[in-house]
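Visitor: Before we look at the model together, I would like to ask for the reasoning behind each label, and not only for the label itself.

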Amino acid sequence: MRILLTGGAGYVGTHTALGLDAAGHDVIILDDLSNSCAAAVSRVESIIGKPVSFYHGDCRDTDLVRSVFVHENPDAVIHLAGLKAVGESVAQPLRYYDVNINATLSLLTVMGEADVHKLIFSSSATVYGEPEALPLTEENRVGVGISNPYGWTKFMIERILMDLADTDPAWQICLLRYFNPVGAHESGLIGEDPQGIPNNLMPFVAQAAAGRRAKVLVFGNDYDTVDGTGERDYIHVMDLGRGHVQAVDHLTPGVSVYNLGTGQPTSVLEVIRAFEQVCGTTIPFEITSRRPGDVAVSYCSPAKAEQELGWIAERTILDACKDSWKWQSMNPDGYPR
Ligand code: NAD
Ligand code: UFG
């Protein structure tokens, strides 16, 4: 199939592009490079050994999206484009609602016009808000306890897609609720490239291991968890990318929903210890207060994805730390910009 990846120059998008290529699909990338760079696309091309069609532009620009559809004639779309920083979304709610919602509406308009009805959407564990039960299954309630505008955009887009599918049985939509993507491609050529101080744990730990950050601040050690620190379901980004490939292959009419995670909770201190094992140095850390809006524990049951998509996470947290460390060591300042 010819598959359009919106946001395909980003962290999840570049790794998903590799999975799609390996499965024999043609990849087209549309990205405004607001949180990525052209070098990421070049690195994807060098790993797969051929050029990728790349369009630099904003999904909210409906005429531009139309022209991409005219030139490329995609069979399906994987919609990853959007803003994702939780704290920034609290400070800039209108920007987050504008970019995330309007990019999706623009894309859906053009897909409808072009008679392209196959869509995979990057949703997030954040839609579960305060977990109703653990492990989280796709049947658990969503929307209670979402603590930031970023999370609400994911919740709202899921709703929009369900309403759209109700209007026309031609739509085949899959919502993938990612847990915590970590790691990098084993080559060390592509990886997570946060600008400024990383918000997320794994890139922060990687930079602390490299000496770019003095210490990791651990946000709370008084949760009801194995060691008091927050527990998450860290999913290797290569496994996540493969999840998209399997989702595309199994699209069915209407809306389907899958958790993509390992099903295993790992604490902050366990992540730090795993990283120390692969980098061979001690990573300094300091316990500080809880981060507002954090839940204590979040991990999923990935059973539905296994049963219906034949997908299961194959890599461990140690694999993710090893690949993250390779990316960090080979690219201490991220991509050349
Ligand atoms: P990322 O920022 O690395 O990638 C997103 C890409 O979208 C970037 O390359 C950015 O330049 C591009 N983009 C942003 N707005 C755009 C627009 N209007 N038009 C075109 N391109 C635009 O983030 P990521 O980690 O790769 O996440 C990809 C998707 O997965 C996002 O939708 C994110 O919300 C979702 N997600 C990510 C995580 C995570 O922890 N990484 C977890 C759950 C869900
Ligand atoms: N943490 C620290 N120190 C840090 C960063 C994080 O102790 O410097 C802790 C957090 O408190 C949490 C764990 O490490 O317990 C993971 O935090 P991340 O920021 O890496 O990930 P979150 O689970 O908080 O956030 C992720 C995605 C969001 C999404 C959210 C809810 O990054 O996009 O899951 O699904 F909204």
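Guide: Arg-159 lies in helix α6, and since everything here comes from a predicted model, the values that follow are computed from that model.

Visitor: Why is Arg-159 called partly exposed?

Guide: The relative accessible area of Arg-159 is 42%, and because the partly exposed class runs between 20% and 50%, Arg-159 is placed in that class. As for its place in the fold, Arg-159 and Leu-80 are 79 residues apart in sequence and 17 Å apart in space, taken from C-alpha to C-alpha.

Visitor: What makes Thr-126 count as buried?

Guide: Thr-126, which lies in the loop between β5 and α6, has a relative accessibility of 19%, and because buried means under 20%, Thr-126 counts as buried. Leaving aside residues up to four places away in sequence, Thr-126 touches Ile-146, Asn-148, Tyr-150, Gly-151 and Lys-154.

Visitor: How do you know that β5 is largely enclosed by the rest of the structure?

Guide: Six of the seven residues of β5 are buried, and therefore the strand is described as largely enclosed. On pairing, β5 (residues 118-124) joins β6 (residues 172-178) in the parallel sense over seven bridges, with Ser-123 standing opposite Arg-177 in β6. β5 also pairs with β4 in the parallel sense, over three bridges, and there Val-77 stands opposite Leu-119 in β5.

Visitor: What makes β3 and β11 the edges of the sheet?

Guide: The sheet is open and has seven strands in the order β3-β2-β1-β4-β5-β6-β11, with parallel pairing. β3 (53-56) and β11 (254-260) each have a single partner strand, so one side of each is left without a neighbour in the sheet. Neighbouring strands of this sheet are turned by 20° against each other on average, with direction ignored.

Visitor: Which strands does helix α8 lie across?

Guide: Helix α8 (residues 237-249) lies across β1 (2-6), β4 (76-79), β5, β6 and β11, and runs at about 160° to β6.

Visitor: Why is α7 called oblique to α11?

Guide: Helix α7 (residues 201-209) and helix α11 (residues 317-330) pack at an angle of about 55°, with their axes 10 Å apart. Because that angle falls neither under 35 degrees nor over 145, and also outside the range of 65 to 115, α7 is oblique to α11. The crossing in which α7 passes α11 is right-handed. In this contact, Met-202, Ala-206, Gln-207 and Ala-209 of α7 meet Ile-317, Ala-320, Cys-321, Ser-324, Trp-325 and Gln-328 of α11, and by class these residues are seven nonpolar, three polar and no charged.

Visitor: What makes α3 and α5 oblique to each other?

Guide: The axes of helix α3 (residues 62-72) and helix α5 (residues 93-113) come within 9 Å and cross at roughly 40°. Because angles under 35 degrees would count as roughly parallel and those from 65 to 115 as roughly perpendicular, the pair is assigned to the oblique class. α3 passes α5 in a right-handed crossing, and the contact is made by Thr-62, Val-65, Arg-66 and Phe-69 of α3 with Ser-106, Leu-107, Val-110, Met-111 and Glu-113 of α5.

Visitor: How many residues of the contact of α3 with α5 are charged?

Guide: Two are charged, alongside five nonpolar and two polar residues.

Technical notes: Residues are numbered from 1 along each chain as its sequence is written. Chains are lettered from A and ligands numbered from 1 in the order in which they are written. This is a predicted model: local features need pLDDT of at least 70, side-chain atom pairs count only at pLDDT 80 or more; totals for chains, interfaces and linings use all residues. Side-chain values use heavy atoms; hydrogens and water are left out. Axes are lines fitted to C-alpha atoms, for helices over the stretch in contact, and angles run from 0 to 180 degrees between N-to-C directions. Helices (H or I, at least four residues) and strands (E, at least two) are DSSP runs, numbered from the N terminus. A crossing is left-handed if the near helix is turned anticlockwise from the far one by less than a right angle, and right-handed if clockwise. Contact means heavy atoms within 4.5 Å. Ala, Val, Leu, Ile, Met, Phe, Trp, Tyr, Cys and Pro count as nonpolar, Asp, Glu, Lys and Arg as charged, and the others, Gly among them, as polar. Two strands pair if DSSP finds at least two bridges between them. Buried means under 20% relative accessible area, exposed over 50%, partly exposed in between (1.4 Å probe, protein chains only).
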